[in-house]
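Here is a short report on one protein model. It moves from a single loop residue to the sheet, the helix and the core.

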Amino acid sequence: MPLYRVYILDEDGQLEGVLNLDCADDLSAKALAGQLADGYEVELWRLVAEFEFQYPRHRPRRRRSAFAHTR
């Protein structure tokens with residue numbers, strides 16, 4: 001089953017919440033997102049892939065402290 005994510009926006013268009021959905025197809029995901037909207041503006045996205053990066057290039061790896069902590 002495809003996974004979907006619903007982004008709930010406030011009256012200023014700012015992110016207010018996120019819901020994950022597990023639906024059979026796009027039509028059922030749209031229908032469920034419409035029911036969950038309850039007067040809010042929502043965006044529905046289908047998750048194609050999720051990636052986990054251990055060490056992103058833009059963020060260096062943590063280095064151990066040069067100072068030893070002794071007791």
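## A loop residue with an unusual phi

Asp38 is exposed: its relative accessible area is 64%, and the cut-off for exposed is over 50%. The model is a predicted one. Asp38 sits in the loop between H1 and E3. Its phi is positive, about 45°, although Asp38 is not a glycine. Most residues other than glycine have a negative phi.

## Overall layout

The protein has one helix and three strands. Read from the N terminus, the order of elements is β-β-α-β. The residue ranges are as follows.

| Element | Residues |
|---|---|
| Strand E1 | 3-9 |
| Strand E2 | 15-22 |
| Helix H1 | 26-37 |
| Strand E3 | 41-47 |

Buried residues account for 17% of the 71 residues. The accessible surface is about 6900 Å², and carbon and sulfur atoms hold 50% of that surface. Take the contacts between residues at least 6 apart in sequence: 39% of them join residues at least 24 apart.

## The sheet and the helix

How are the strands ordered in the sheet? The order is E2-E1-E3, in an open sheet with antiparallel pairing. E2 and E3 stand at the edges and have a single partner strand each, so one side of each is left without a neighbour in the sheet. On average, neighbouring strands are turned by 20° against each other, direction ignored.

E1 and E3 run antiparallel and are joined by seven bridges. One bridge pairs Arg5 with Trp45 in E3. Helix H1 lies across E1, E2 and E3. Its angle to E3 is about 150°.

## The core

Which residues make up the largest nonpolar core? There are seven: Tyr4, Val6, Ile8, Leu21, Cys23, Ala29 and Ala33. E1 and H1 supply at least two residues each. E1 gives the largest share of this core, three residues.

Tyr4 belongs to this core. What does Tyr4 touch beyond its neighbours within four places in sequence? Its contacts include the core residues Leu21, Cys23 and Ala29. Tyr4 is also in contact with Leu19, Asn20, Asp25 and Asp26. Further contacts of Tyr4 are Leu44, Trp45, Arg46 and Leu47. Trp45 thus appears in two roles: it is a contact of Tyr4 and the bridge partner of Arg5.

Key. Residues are numbered from 1 along each chain as its sequence is written. This is a predicted model: local features need pLDDT of at least 70, side-chain atom pairs count only at pLDDT 80 or more; totals for chains, interfaces and linings use all residues. Side-chain values use heavy atoms; hydrogens and water are left out. Two strands pair if DSSP finds at least two bridges between them. Helices (H or I, at least four residues) and strands (E, at least two) are DSSP runs, numbered from the N terminus. Axes are lines fitted to C-alpha atoms, for helices over the stretch in contact, and angles run from 0 to 180 degrees between N-to-C directions. Contact means heavy atoms within 4.5 Å. A nonpolar core is a set of buried Ala, Val, Leu, Ile, Met, Phe, Trp, Tyr and Cys residues joined through side-chain atoms within 4.5 Å. Buried means under 20% relative accessible area, exposed over 50%, partly exposed in between (1.4 Å probe, protein chains only). Accessible areas come from the Shrake-Rupley method with a 1.4 Å probe; for residues, only the protein chains shown count as cover.
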